[in-house]
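Thank you all for coming; I would like to take you through one structure this morning, slowly, and please stop me wherever a term is unclear.

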Amino acid sequence: MNKFDIFTNELLKWNKVHKFTNYKTPEEIREQIEDSLYPLEKIKHYKTALDIGTGAGFPGLVLAIAMPETKWYLVEPLKKRYSFLNYMKIKLNLDNVKIVPSRLEKADIDPVELITTRAVMPTSKIIEISRPYLEKNGKILLYKGSNALEELKEAKVNAEIISKGNRNYIFIKDI
Ligand SMILES: C[S@@+](CC[C@H](N)C(=O)[O-])C[C@H]1O[C@@H](n2cnc3c(N)ncnc32)[C@H](O)[C@@H]1O
C-alpha cells in the first residue's frame, strides 16, 4: 500500500470516531489528495515550507508526503486535528514533517521559502500573518475558489493564477 492509501484508510478510521472532517468516503479523500498535489511541479524545488491550518491533512500533509526532501511545518491549533497529523507523521515515517500545535500568529518557526494554505482565511489576512514567517524571496501558494480575484484585488498584490474548474491556485511573491 502506498503512503496516500495508508493516509486515506487512517483518515476514514479516525474520522468515524473523532469527526473532525467532512470527507467521509475514499473518493472524497482522493479528490482532496489530487487537489493538494495539482500544483506540485511548481513548488517541489522548495527546501522549506509551512502550511497554515492543515486540518485533516490538506494540502500540507499530502505535499509533505510528495516532497520528502522538503522540511514541512504543519501548523494546526485544534487538538483532534493535530493529534491525527502527529499520528500520521509517525505512521508514515515522515522525518521531514514537524507538527506545530498552535495558531500561526503564535508559532515559533524560522522563515521558510514557501507558505501554503487552503480554506483557512481571506487572502489579505493570510498575507498579513505570513510576513514574519516568509523568507525575502519566498512564495505563498493559496488554494482558492471562485472569489479569488476579488480577494486579490482587495489585498493589492500581484499573483500568478492557475485555474482548474472552480479551483484557483494562486502564487504570490513580493509581499
Ligand atoms: C476549514 S479548515 C481547512 C483545513 C484544511 N486546510 C483543508 O483545506 O481541508 C481551517 C483550519 O484552519 C485552522 N486555523 C484557523 N485559524 C488558524 C490560524 N490562525 N493558524 C493556523 N491554523 C488556523 C483551523 O483549526 C482549521 O483546522
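Before I point at anything, one term: a strand here is a DSSP run of the type E with at least two residues, and strands are numbered from the N terminus. With that in hand we can say that Arg-118 is found in strand S4, and I will come back to this residue later. Please also keep in mind that what you see is a predicted model.

Let me begin with the sheet as a whole. Seven strands, or 7 strands as I have it in my notes, form an open sheet in the order S3-S2-S1-S4-S5-S7-S6, and the pairing is mixed. Which strands stand at the edges? They are S3 and strand S6, residues 159-164, and because each has a single partner strand, one side of each is left without a neighbour in the sheet. On average, and ignoring direction, neighbouring strands of this sheet are turned by 15° against each other. For those new to the subject, strands of a sheet pair through backbone hydrogen bonds, either parallel or antiparallel.

Let us now look at the S3 edge. Strand S2, residues 71-75, runs parallel to strand S3, residues 97-100, and 4 bridges join the two. Within this pair, Tyr-73 stands opposite Lys-98, while Val-75 has Val-100 as its bridge partner. Between the two strands comes helix H5, residues 79-91, and together S2, H5 and S3 make a right-handed β-α-β unit. H5 packs on the sheet, where it touches both S2 and S3, and its direction makes about 165° with that of S3.

From there we move to S4, which spans residues 112-118. This strand is mostly covered, since 6 of its 7 residues are buried. On one hand, S4 is joined by 4 bridges to strand S1, residues 48-52, in a parallel arrangement, with Leu-50 standing opposite Ile-115. On the other hand, S4 pairs with strand S5, residues 134-144, in the parallel sense over 6 bridges, and here Arg-118 stands opposite Tyr-143. The chain crosses from S4 through H6 to S5, and this β-α-β crossover is right-handed.

Now to the annotated positions. An unreviewed UniProt entry places the feature "binding site" at Gly-53, Phe-58, Leu-104, Glu-105 and Arg-118. Is Arg-118 buried or exposed? Arg-118 counts as buried, because it has 22 C-beta neighbours inside 10 Å, and the cut-off for buried is 20 or more. Leaving out residues up to four places away in sequence, Arg-118 touches Phe-58, Pro-59 and Tyr-143. Gly-53, in the loop between S1 and helix H4, is also buried, with 21 other C-beta atoms within 10 Å. With the same sequence neighbours left out, Gly-53 touches Val-75, Glu-76, Thr-117 and Val-120.

For contrast, consider Met-121, which is found in the loop between S4 and helix H6. With 13 C-beta neighbours inside 10 Å, Met-121 counts as partly exposed. The C-alpha atoms of Met-121 and Ile-52 are separated by 9.5 Å, although these residues are 69 apart along the chain.

Finally, the core. In soluble globular proteins, nonpolar side chains tend to be buried together. In this model the largest nonpolar core has 44 residues, of which Ala-64 and Leu-74 touch the most other members. Beyond its neighbours within four places in sequence, Ala-64 is in contact with Trp-72, Leu-74, Leu-94, Asn-96 and Val-97.

How values were computed
Residues numbered from 1 in each chain as written. Predicted model: local features only at pLDDT ≥ 70, side-chain atom pairs only at ≥ 80, totals over all residues. Pairing = 2+ DSSP bridges. Right-handed = clockwise from strand over helix to strand, strands pointing away. Buried ≥ 20, exposed ≤ 12 C-beta atoms within 10 Å, placed from the backbone. Core = buried A, V, L, I, M, F, W, Y, C linked by C-beta atoms within 7 Å. Contact = placed C-beta atoms within 7 Å. UniProt positions renumbered as here; feature names shortened; annotations may be inferred. Axes fitted to C-alpha atoms, helices over the stretch in contact; angles between N-to-C directions.
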